[in-house]
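Visitor: I have a two-chain model on screen. Please walk me through the interface, then the fold of one chain.

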Amino acid sequence: MAEAEESPGDPGTASPRPLFAGLSDITISQDIPVEGEITIPIRSRIREFDSSTLNESVHNTIMRDLKAVGKKFMHVLYPRKSNTLLRDWDLWGPLILCVTLALMLQRDPADSEKDGGPHFAEVFVIVWFGAVTITLNSKLLGGNISFFQSLCVLGYCILPLTVAMLICRLVLLAGPGPVNFMVRLFVVIVMFAWSIVASTAFLADSQPPNRRALAVYPVFLFYFVISWMILTFTPQ
Amino acid sequence: MAAADELTFHEFEEATNLLTETPDAATTSRSDQPTSQGHVAVAVGSGDSYGAEDEVEEESDKAALLQKQQQQPGFWTFNYYQSFFDVDTSQVLDRIKGSLLPRPGHNFVRHYLRNRPDLYGPFWICATLAFVLAVTGNLTLVLAQRRDPSIHYSPQFHKVTVAGISIYCYAWLVPLALWGFLRWRKGVRERVGPYTFLETVCVYGYSLFVFIPMVVLWLIPVPWLQWLFGALALGLSAAGLVFTLWPVVREDTRLVAAVLLSTVVLLHALLAMGCKLYFFQSLPPEHVTPPHQAASLPTNIPLSPTLPRSMAPS
């Protein structure tokens, strides 16, 4: 506490003035009127901006969403510690990726009911219910990530595996063979590792450190199952 | 005669030591207390009913006190389910190790769970086992095709569904039946408290862990080796179950105890055999699967997956 000065305003004293010494002289009277208008000068501009999205062209609307999705794709392909996926989550990207993957993994319609690859619905169910289960698991373990943020991250990190599926289909056009299989195996393993690294970069921080492995293991299982579906895909 | 100081809370190490010293001592547990504070009251008596009445009264008083102290959240809240996932990585790994190496004196529920059963282990072990079964089953087909190109390879994705349903049904319905049966017998005997439903689920879930490396080792296409691995894993898993259930069941009549334990082991063996026969069929060299002749699989696969006759052409 600052010491009270014995002789205020004495120019000859050698002792220094303590801080805030003059504040004790200030009193706040009860009858100072405090009123007025508090307006945000920028508000009128925001309102103008809101109404203008109704009038903009469809091209602008679609491009804005596509650019947001594309930006998040870039964040997945070059995973850094950033909050973009978490802050502005959206589920368009996961939907596009899941539909693409399911369409490419679809079994041949001439194939039998029993013995072929997964149906479209099976892939869809595995991806979305797998993501929901992992999110629930993460929240039950005490993670502080929201439900849709986690779904968004898990869905976007399927992008490397979708790229692997595209490459596998292209490689399979060259005909079957052991070299063919080794190339596909290598590509799938690399993309699987990329998915795990990308999703862990976003999800691992939301868990307390003594439970991080418990939350990351289901993610590993999820991407492992998707990689196995991609690797065992046979086009005939 | 139970002395007053023997009715106080003891630590677990003391309890297990006492148990090994006096194997015919009766123990009661507070395992059905929902508070899960980690306290267990161990009353070591000489087995006569005179002391038992005092113990029961004391325990009901303590139960009332504990319930007043801690309100359990309702089952419709998220926090209720969060209490079942209150485990750390080291605890889960510890429990897995405990299920892999069962020891006669160490009861899995008392020693490792310690009144804090979790749902993380059973759920994810079952999921892993289901997917590993499907993947390795498919891999054996790939390996068989490499040895003999006439075998028709297909991804066989339906096996994932079959594996998932059968494993989850086994790991949740059998503990339900066991728990129900033990509670019914508790009404008859009034002495030893059985395990809660979650603890039974935990025991079964963690005991299925040893099947995961067994299934992976079944990739080796040597038949006698496969049967050897199967027998080893089944032995470990069933031993864990039996050692856990023995303290609860030994108070009952010998007939009921023997029938219960043998049923548990038999169901476990049926699961292992069903997995082996359905997912890892040994294909004869001149096999070609005509896809259109595969009949529909039996859809009810609750406890004992039987060999589907539709797979007979293999």
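Visitor: How many residues of chain B are in contact with chain A?
Guide: Bear in mind that this is a predicted model. Contact here means heavy atoms within 4.5 Å. On the chain A side, 31 residues take part. On the chain B side, the number is 31.

Visitor: Which residues in chain B lose the most area to chain A?
Guide: Together the two chains bury about 2900 Å². Carbon and sulfur atoms account for 66% of that area. Three residues of chain B head the list, and together they make up 23% of what that side buries. They are Tyr120(B), Trp124(B) and Phe157(B).

Visitor: What is the distance between the closest N and O atoms in the salt bridge of Asp86(B) with Arg211(A)?
Guide: The rule finds 2 salt bridges across this interface. Asp86(B) with Arg211(A) is one of them. Their closest N and O atoms are apart by 2.8 Å.

Visitor: How many residue pairs are in polar contact between chain B and chain A?
Guide: A polar contact needs a pair of N or O atoms within 3.5 Å. Both residues must also be at pLDDT 80 or more. The count is 9 residue pairs.

Visitor: Which helix gives the largest share of the side of chain B that touches chain A?
Guide: Helices H3 (78–82), H4 (89–100), H6 (120–147) and H7 (158–189) of chain B each supply at least two residues. One of them supplies 10 residues, the largest share. That helix is H6(B).

Visitor: How many charged residues does that side of chain B have?
Guide: Sort the side by class. Nonpolar residues number 18, and polar ones 10. The charged residues number 3.

Visitor: Now chain A. How many helices and how many strands does it have?
Guide: Read the elements from the N terminus on: each one is α. Buried residues make up 38% of the 236 residues in this chain. The secondary structure comes to 9 helices and 0 strands.

Visitor: Is helix H6 of chain A mostly covered or mostly uncovered?
Guide: Buried means under 20% relative accessible area. The helix spans residues 147–156, and 8 of its 10 residues are buried. Among them are Leu151(A), Cys152(A) and Tyr156(A). So by the 20% cut-off, H6(A) is mostly covered.

Visitor: How far apart are the end C-alpha atoms of residues 215–234 of chain A?
Guide: The unreviewed UniProt entry lists this span as a transmembrane region. It is 85% helix and 0% strand. Another listed span, 153–175, is 78% helix, with its ends 35 Å apart. For 215–234, the end C-alpha distance is 33 Å.

Definitions and conventions. Residues are numbered from 1 along each chain as its sequence is written. Chains are lettered from A and ligands numbered from 1 in the order in which they are written. This is a predicted model: local features need pLDDT of at least 70, side-chain atom pairs count only at pLDDT 80 or more; totals for chains, interfaces and linings use all residues. Side-chain values use heavy atoms; hydrogens and water are left out. Buried area is the accessible area (1.4 Å probe) that two parts lose on being put together, summed over both. A salt bridge is a side-chain nitrogen of Lys or Arg within 4 Å of a carboxyl oxygen of Asp or Glu. A polar contact is a pair of N or O atoms within 3.5 Å; within protein, one must be able to donate a hydrogen and the other to accept it, and residues adjacent in sequence count only if both atoms are side-chain atoms. Helices (H or I, at least four residues) and strands (E, at least two) are DSSP runs, numbered from the N terminus. Ala, Val, Leu, Ile, Met, Phe, Trp, Tyr, Cys and Pro count as nonpolar, Asp, Glu, Lys and Arg as charged, and the others, Gly among them, as polar. UniProt positions are given in the numbering used here, feature names are shortened, and annotations may be inferred rather than shown by experiment. Buried means under 20% relative accessible area, exposed over 50%, partly exposed in between (1.4 Å probe, protein chains only).
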